[in-house]
Amino acid sequence: MNLLNDPGLTPQLKILALLTLLSLLPAIVLTMSSFARIVVVLGFVRHGIGTQQSPPTQVLVGLALFLTAFTMAPVTSAIARDAWGPYSNNQITGEVAVDRATAPLRSFMLRQTRESDLALFYEAARLPLPRTEEEVPLRIAAPAFVVSELTTAFQMGVMVLLPFLVIDLVVSALLMSMGMMMVPPSTLSLPLKLLLFVLADGWHLLVGSLLRSFA
C-alpha cells in the first residue's frame with residue numbers, strides 16, 4: 001500500500017498530496033536534518049584555508065549529504081519501522097503513519113535545539129511552553145531547530161577559522177617586517193595552512209567533530 005491507495009482520499013487529492021510531499025522533500029532535507037550544520041562548517045573550512053574552489057562545491061555538498069544520511073540513519077530507521085512498514089502493510093492509516101513518522105524527527109530536532117531558541121518562537125506565537133516534547137508542533141520545532149543549527153555551525157566555524165587566522169597574521173607580520181609589502185600574504189600562507197591541515201589530519205578531525213556534535 002502507498003499514499004495513492006489511501007481510501008480516505010479521492011484520486012485527485014492523493015496525487016496532489018504526493019506531489020506536494022515531493023516538492024517539499026528538498027526543503028525538509030535542508031532544514032530538518034543535520035545537513036545545514038555540516039555544509040556550513042565545511043564551507044568555513046574551505047574559506048579558512050583560502051582555496052576558493054578546492055574542494056569543489058559539488059564535493060562538499062556530496063560529503064554533507066553522505067554525512068547527513070549517516071547521522072540521520074537512526075531517525076530514518078525508526079520512521080521505516082514504526083510508520084512506513086505498518087502503513088505499507090495496511091496495518092495503520094495514513095494519518096497515524098504521519099504521526100508516527102513525525103515523532104522521531106521531532107525528537108531529533110529538539111535534542112539539537114537550544115531552549116532559548118525554542119522559547120523565542122513560543123513567545124512569538126504567544127503560546128505556553130510545553131511540558132513534553134510531544135506537545136511541540138513542527139511549525140515551532142522546525143524554525144527553532146534551524147536557528148540553533150546555524151548558531152552551532154557558526155560556533156564551530158569560529159573554532160575552525162582561528163588557526164588559519166593566526167597563520168595569516170603571522171605571515172603578514174613577517175612580510176611587513178622584511179619590507180616585502182608587495183608580496184601577497186596568501187602566496188605564503190596558503191601552503192602553510194594546507195601543510196598544517198594535512199599534518200593535523202584535518203578531515204578526520206573535522207568529520208569526527210561533526211559526528212560527535214550530533215551525539
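**Figure 1. Helix α2 in the predicted model.** The model shown here and in the other views is predicted. Helix α2 covers residues 35-49, 15 residues in total. At 1.5 Å a residue, this helix should span 21 Å, and its end C-alpha atoms are indeed 21 Å apart, so the two values agree. Of the 15 residues of α2, 11 are buried, so the helix is largely enclosed by the rest of the structure. The buried residues are F35, A36, R37, I38, V41, L42, F44, V45, R46, G48 and I49. After α2 comes G50, which has a positive phi, near 100 degrees.

**Figure 2. The ring pair of F108 and F214.** Across the whole structure, a search finds 5 aromatic pairs. In the pair shown here, the ring centres of F108 and F214 are 6.3 Å apart and the ring planes are at 20 degrees; because planes under 30 degrees apart count as stacked, this pair is stacked. F108 belongs to helix α5, while F214 lies in the segment after α9 (202-213), so the pair ties together parts of the chain that are 106 residues apart in sequence. Both partners fall under the 20% limit for buried residues: F108 has a relative accessible area of 2%, and F214 has a relative accessibility of 10%. Ring pairs also bring in F145, so that F108, F145 and F214 are linked into a cluster. The face of F214 has a further neighbour, R37, which lies over it at 4.0 Å from the ring centre. R37 is one of the buried residues of helix α2.

**Figure 3. The ring pair of F197 and W203.** F197 and W203 form an aromatic pair with an edge-to-face arrangement. The distance is 5.3 Å centre to centre, with 90 degrees between the planes. F197 is buried, at a relative accessible area of 13%. W203 counts as partly exposed, with a relative accessibility of 34%.

**Figure 4. The surroundings of T113.** T113 is found in the loop between α5 (94-112) and α6 (115-125). The residue is buried, and its relative accessible area is 12%. From the side chain of T113 to the backbone oxygen of M109 the distance is 2.5 Å. With neighbours within four places in sequence left aside, T113 is in contact with L118, A144, F145 and S148. Of these contacts, F145 also appears in the ring cluster with F108 and F214.

**Figure 5. Helix α7 and its bend.** Helix α7 has 40 residues, from 138 to 177. From its first C-alpha to its last, α7 reaches 57 Å, close to the 58 Å expected at 1.5 Å a residue. The helix bends by about 30 degrees at L162. A proline, P163, follows within four residues of that position. α7 is followed by G179, where phi is positive, near 75 degrees.

**Figure 6. L63 and P86.** L63 is a residue of helix α3, which covers residues 57-71. L63 is partly exposed, with a relative accessible area of 28%. Between L63 and P86 there are two separations to consider: 23 residues in sequence, and 32 Å in space from C-alpha to C-alpha.

Technical notes. Residues are numbered from 1 along each chain as its sequence is written. This is a predicted model: local features need pLDDT of at least 70, side-chain atom pairs count only at pLDDT 80 or more; totals for chains, interfaces and linings use all residues. Side-chain values use heavy atoms; hydrogens and water are left out. Helices (H or I, at least four residues) and strands (E, at least two) are DSSP runs, numbered from the N terminus. Buried means under 20% relative accessible area, exposed over 50%, partly exposed in between (1.4 Å probe, protein chains only). A polar contact is a pair of N or O atoms within 3.5 Å; within protein, one must be able to donate a hydrogen and the other to accept it, and residues adjacent in sequence count only if both atoms are side-chain atoms. Contact means heavy atoms within 4.5 Å. The expected span of a helix is 1.5 Å times one less than its number of residues. Rings of Phe, Tyr and Trp (its six-membered ring) pair if their centres lie within 6.5 Å; planes under 30 degrees apart count as stacked, over 60 as edge-to-face and the rest as tilted. A charge sits over a ring if NZ of Lys or CZ of Arg is within 6 Å of the ring centre and within 35 degrees of the ring normal. The bend at a residue is the angle between axes fitted to the seven residues ending there and the seven starting there.
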